[in-house]
Amino acid sequence: MLNNLGADLPASLVVFLVALPLSLGIAAASGAPVMAGLIAAAVGGIVAGSLGGSALQVSGPAAGLTVVVAGLVEQFGWQVTCAITAAAGVVQLLLGVSRVGRAALAVSPVVVKAMLAGIGITIVLQQVQVLLGAQPEDSALANVAALPAAVVALELHAFLLGSAVVAVLLGWKYLPRPVRRVPGPLAAVALGTALSVLMAADVERISFSGSIFDAVSLPSLPEDNWRGVALAVVSVAMIASIESLLSAVAVDKMQTGPRTNFNRELVGQGSANVVSGMLGGLPVTGVIVRSATNVEAGAASRASAVLHGVWILLFSALFAWLIQLIPMAVLAGLLVVIGARLVKLADIKTSRRTGDLLVYVTTLGCVVFLNLLEGVLIGLALAAACVLWRILRAPMQVHEPAMPTAPWRVTIAGSCSFFALPRLNHVLDSLPAGRDVVVELNADYLDHSFREALLAWHDQYLAWGGSVVLEEHGTTVFRDAADCTPERREPREFPLPPRASWQPGPGTVPGAPAGAAAAADGESVAAGAEGNDDGGAPPLRSILLGIDKYHRRHADKVRPLVQDLADGQDPDTLFVACVDSRVNPNLITSSGPGDLLTLRNIGNVVCSDSSDASIDSALSFAVHGLSVDSIVVCGHSNCGAMKAVLADAEGGGSPSLGSGFDAWLEHARPSHRELKAGHLVALAAAAAGYSKLDQLSMVNVALQLRKLEEHPAAGPALAEGRVQAIGLFYDIATARAVLVTPDGIEPLTAAPEADLMGHAQPVA
């Protein structure tokens, strides 16, 4: 810490000047002895600053607990309130030792912001009474009701002094920068106090006897109402913990140094509250106003927070007589501004945009007109209910067909649980009887009760003469809900053919519409809704139905990706692949429209002797016309072309697919000769456990890379480094790709990705 003393010393002085008047004002508003605020500020700085998990957070008495402490002082008295503070510190210590620090952050931010706003309004209503020269009432409603009488009986000197403080604080940010180096709260309190000495000597001022050491007092235990005390301990501990941790999160966002250790922060805050309560101080929390001041003042380590506590301790011991010159109306003006600033218009706008306005208003109102604990609990319960409603509400809709012969459609998405059953029954009951219906299920969660309800409707609808087909597009499997514990499934990043199944296993349910075959058979049979007698749609009909599904489910999502490509393309890669239907280049490379220029032929070969104009023209167009950066040659497992080459070379004869096919295999037969000669790629593939057929496919890829280097279109670009070429082998059984090099094979690992700031991040 001493290494950064040059930065921490001046920062600690700035924070001290801000914390001093705030601590006095919070103590006055809490109904506690004024020196209790300074005790808490000193302890918060020294103890929490030394032991806490946030290097730059500054702790002390906070406005967020003002209403709670005021209620405790009124109900139990000051000494018992100190015992509650110390006990709350013990609870915080246990939370920190139990390593649940991060769990305390699982509180809706809108509830915390509304809580602070409610506290701010309560403080304003209370301190306006003091500013007018009256005594504050016990509740917000009572303060509102007493406001007219306080205005009539206005104490002019108190009002003018408080108004002067408010004016200085509101206008401070408009003053020149050199003037603003003095903290606004300190300047306002100093000015108000000076005016009172000169013009209003008879106003009510802060009063106490002795120094901060004389104010130290031991707590005392309550005589009864232990249940109320226990509730108060938990309330103070929870509110102080949440406010401290949220403040620490905010401080982390303001600086680039070490991040907060939340469990250690709870230990530091708990230790500070134990000490503060035992010495007769207010509850301690992390305070964002002081912490932000600390960061902005250039603090570099926790020494700044510790030193600020030392300065408060020394000032309170040596200059206590200055504190007694401060009028109560001056502190009231300071607290009115502090309370008003807790109500942030930005928080209200954010809650409105995010749909949390009801939670915000409800929490704020309950904090103001009930009490802090009840308001927070009600707010948390409402926030949880809103989350459950949003997550568990499954969107469902019936789509009437545009043509009389087309099927009706029912779309169901989201979390399909028993919560959605009323909506499901309402939607399904709106379908006309005796029609063809397609149910499109796009669920990420599906439980047994939802499945049973859908099956019951299915059977009933069939009995009424209709037909029903289920299309599953989501991450769940409908039949799994019959005897498996439901769980949320990870979403896919690419569209797959829909599953269609009403039954728990392979086969077709008796009475189900034709074509409703099991997903386990690997068939996409949603076309069964059309009622083909042979149990499936003709090939062309299947393609047309697939296009129809694409239009319904994916076209709107694809459109934004292709709008910029309407007038031209700019791919960065030529992908040479086999024509095999099991190989999907865009799927393997996670690429989209416009990313790949694809060249496909039997055996993914490259002809370097200009015997095939299509390959020559594709290479020329890719390299010279589109200026691609890379060329990929991708073979695959169980390749039919390689199987034919192997069978022909070993005397089995190649399949009789015509003279053209036999002639084309000449481009791949050199690969077999290299395999027999012990090509390095073949040796590496054999060592990795690949079959002879797959070894041949990998050697074939390596030879095509060599042909690219000799090709008149690609060769010069490769030699100059303008284009790079790599080989891949796609293993269909494992759905994974292997890198093929001239000398062997390598597992394909991801390169480090760049984070949002451009820094490389290791891939786990």
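## A walk through two helix pairs

Buried residues (under 20% relative accessible area, with a 1.4 Å probe and protein chains only) make up 48% of the 764 residues in the chain. The model is predicted, so local features need pLDDT of at least 70 and side-chain atom pairs pLDDT 80 or more, while totals for chains, interfaces and linings use all residues. Residues are numbered from 1 along each chain as its sequence is written, and side-chain values use heavy atoms, without hydrogens or water.

**The whole chain.** Start with everything shown as a cartoon: there are 30 helices and 14 strands. These are DSSP runs numbered from the N terminus, H or I of at least four residues for helices and E of at least two for strands. Among contacts (heavy atoms within 4.5 Å) between residues at least 6 apart in sequence, 74% join residues at least 24 apart.

**Stop one: α5 and α6.** Select residues 109–131 for α5 and 140–152 for α6. The two helices pack at an angle of about 30°, with their axes 9 Å apart. Axes here are lines fitted to C-alpha atoms over the stretch in contact, and angles run from 0 to 180 degrees between N-to-C directions. That makes α5 roughly parallel to α6, a label for angles under 35 degrees. Now show side chains: Leu-125, Gln-126, Val-128 and Gln-129 in α5 meet Ala-140, Asn-143, Val-144, Ala-146, Leu-147 and Ala-150 in α6.

Next, click on Ala-142, also in α6. Is Ala-142 buried or partly exposed? Ala-142 is partly exposed (from 20% to 50%), with a relative accessible area of 28%. Draw a distance from its C-alpha atom to that of Leu-125, 17 residues away along the chain, and you should read 9.4 Å.

**Stop two: α27.** Move on to residues 669–676, where Arg-669, Ser-671, His-672 and Leu-675 are buried. Look down the axis of α27: the buried residues fall within an arc of 150°, so they line one face of the helix. The arc is taken from the directions from the helix axis to the C-beta atoms. Just after α27, pick Gly-678, which has a positive phi of about 85°.

**Stop three: α27 against α29.** Add residues 692–710, helix α29, which packs with α27 at about 115°, the axes being 8 Å apart. That makes α27 roughly perpendicular to α29, the term for 65 to 115 degrees. Residues to highlight in the contact include Pro-670 and Glu-674 of α27, and Leu-696, Val-699 and Leu-703 of α29.

How values were computed: Angles under 35 degrees count as roughly parallel, over 145 as roughly antiparallel, 65 to 115 as roughly perpendicular and the rest as oblique.
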